[in-house]
Structure formats: C-alpha cells, structure tokens
Amino acid sequence: MFSRQALRAVRATAPQRALALRAAPVRAFAAAAGTEGQPPITVFGLDGTYASALYTAASKSSSLDPTAKALANLGAIVEKDTKLSQILAAPTLTPEDKSAIVAELNKHAGGSSATVKNFLDTLAENNRLGLLQGVCSKFGQIMAAARGEVEMTVTSAQALDSKTLSRLETAVAKSSYVGQGKKLKVTNQVNPDIVGGLVVEVGDRTIDLSVSSRIAKMNKLLTDTL
C-alpha cells in the first residue's frame, strides 16, 4: 500500500499553493537513432508516447521484464487508490512533493531499476505524474505484443469455471482471430447486466453472444415492425 504519511503530507499542503505559470524545460528519454528497441506496436496518446519511450529505454538496457513487472505493480497501486490518482494529477505539487512521491512509487516498483526511476523522474519533472496509470496500461499492451500475446476478455453473467475457459481458449486459438504463433491471454470478467451468454473480445474484435444483446435486437425488430 502506498504510504499514508506521504499522501497526508501532500494533501495537507497542495491546496495552499498556486500553480506556477512559467515555462519549464521538458525532460525526455534519450533515444539513439535507428530502429533498435522500437515498440512492436503503436500506442496512441501522450501516455502512449511515454510508454513507447520507456519500452525503448528498457529494451536498450536489457531490462524489459523487470520494467514490465514494476509497471504492473505501479498500475495496480494507482488503480486501487483513487486518492493517490487525484494527488498524482494535482497541478500544485512542489518539487519536494514530487520527489517524495517518486521515492514512494519507486520503492513499490522494486527500487532497483535505474530505467524505472528515470521514467518516474521524467513524469514528475514534466508534470505528468497523472498519466502514470495510462502509461502502465499502454506499456502492458506493448509488452503483450512483444511476447506474441493476444488478449481475450470473456464477459459473462457469472464467473466461468476453468474448464469452460479452456474450451473457449482452444476454440478461439484455432480461429482467424488469432495469428499463427500467437498466444492467448485469457481473462474472465463478470457483468450480470448481460443476463446470460457471453461477450468475447479478442484484440480489437468483439463477438457479442449475450442474452441482453439478443433482447435488444428483438426489441428493435418489434419496434421497427410496429
């Protein structure tokens, strides 16, 4: 868990400060010319830009796996702690606040990676700590592509047992939805609103076999007919 003391200290002082409206140098990761270490896919948005730069830096320092683990840990922490998310996005953080936050984040990231520390310092200096969760998510997408993984999310009204998920994985793995040599990474999400059936998302494709979808189509058909 992120240090409660650190959060309280920042919350106590941040509202009292005014945002300094002055130009500041933007720090960026150094990248050598060429295609070495370039991400296997393009991710968009400012968080995607940082995620891509981090991938290149980690690739060149041969630290992709530990960096991926660190980013996964950080992403989980920010996702669970809404107060932390608000603090990271606060425009009133002083250099001292940022330094304390980066130290805490780096500790939860493992504290041993110069690449991750440099990344966090860069976000802090550029007033982009609020992008952290998005960067973690985009970095995960890049790593999945680099590992040849295709994400498959199966949404059901109730949790599916491992046997059912395994059968779905086998069926989809043999389909045109998954390229040759790719590995499926399957997750099951529960959403009672779909009533029954399944919604299967593979990459950027969606197969909606839910009962709620069928009901909606039937209602539309009846409405159009009447």
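## Ground rules

A residue is called buried here when its relative accessible area is under 20%, exposed when that area is over 50%, and partly exposed in between (1.4 Å probe, protein chains only). By that yardstick, H2 has these buried residues: Asp 47, Gly 48, Tyr 50, Ala 51, Ser 52, Leu 54, Tyr 55, Thr 56, Ala 57 and Ala 58.

This is a predicted model, in which local features need pLDDT of at least 70 and side-chain atom pairs count only at pLDDT 80 or more, while totals for chains, interfaces and linings use all residues. Residues are numbered from 1 along each chain as its sequence is written, and side-chain values use heavy atoms, with hydrogens and water left out.

## The overall layout

The protein has nine helices and four strands. Both kinds of element are DSSP runs numbered from the N terminus: helices are H or I with at least four residues, strands are E with at least two. Reading from the N terminus, the order is α-α-α-α-α-α-α-β-α-β-β-β-α.

Of the 226 residues, 37% count as buried. A contact here means heavy atoms within 4.5 Å. Among contacts with a separation of 6 or more, 71% come from residues 24 or more positions apart.

## H2 against H6

H2 covers residues 45-60 and H6 covers residues 114-125; their axes come within 10 Å and cross at roughly 155°. H2 is therefore roughly antiparallel to H6. (Axes are lines fitted to C-alpha atoms, for helices over the stretch in contact, and angles run from 0 to 180 degrees between N-to-C directions; under 35 degrees counts as roughly parallel, over 145 as roughly antiparallel, 65 to 115 as roughly perpendicular and the rest as oblique.) The crossing of H2 past H6 is right-handed, meaning that the near helix is turned clockwise from the far one by less than a right angle, with anticlockwise giving left-handed.

On the H2 side, the contact involves Tyr 50, Leu 54, Ala 57 and Ala 58, which meet Thr 115, Phe 119, Thr 122 and Leu 123 of H6. Sorted by class, that makes six nonpolar residues, two polar and no charged ones. (Ala, Val, Leu, Ile, Met, Phe, Trp, Tyr, Cys and Pro count as nonpolar, Asp, Glu, Lys and Arg as charged, and the others, Gly among them, as polar.) H6 isn't alone here: the cover over the buried residues of H2 includes H3 (64-80), H6 and H7 (132-146). Just past the end of H2, Ser 62 has a positive phi of about 55°.

## H5 against H6

H5 (residues 95-108) also packs its axis within 10 Å of that of H6, crossing at roughly 150°. So these two are roughly antiparallel to each other, and H5 passes H6 in a right-handed crossing. Lys 98, Val 102, Leu 105 and Asn 106 of H5 make the contact with Val 116, Lys 117, Leu 120, Asp 121 and Ala 124 of H6. The class count is five nonpolar, one polar and three charged.

The buried residues of H5 are Asp 97, Lys 98, Ile 101, Val 102, Glu 104, Leu 105 and Asn 106. After H5 comes Gly 110, with a positive phi near 120°.

## Helix lengths, and H9 in the open

The expected span of a helix is 1.5 Å times one less than its number of residues. H2, with 16 residues, reaches 23 Å between its first and last C-alpha, close to the expected 22 Å. H5, with 14 residues, reaches 20 Å, close to the 20 Å expected.

H9 (residues 211-225) has 15 residues and should span 21 Å, which agrees with the 21 Å between its end C-alpha atoms. The number of its 15 residues that are buried is one, so H9 lies largely in the open.

## Loops and a strand residue

Two residues have a positive phi although neither is a glycine: Asn 127, at about 55°, and Val 195, at about 70°. Asn 127 sits in the loop between H6 and H7 and is exposed, at 55% relative accessibility. Val 195 sits in the loop between S2 and S3 (197-202), and is exposed as well, with a relative accessible area of 53%.

Glu 151 belongs to S1 (residues 149-156) and is partly exposed at 41% relative accessibility. Leaving aside residues up to four places away in sequence, Glu 151 touches Ala 144, Lys 185, Glu 201, Val 202 and Gly 203. Gly 179, in the loop between H8 (162-173) and S2 (183-190), is partly exposed at 37%. Its C-alpha is 9.8 Å from that of Glu 149, 30 residues away in sequence.
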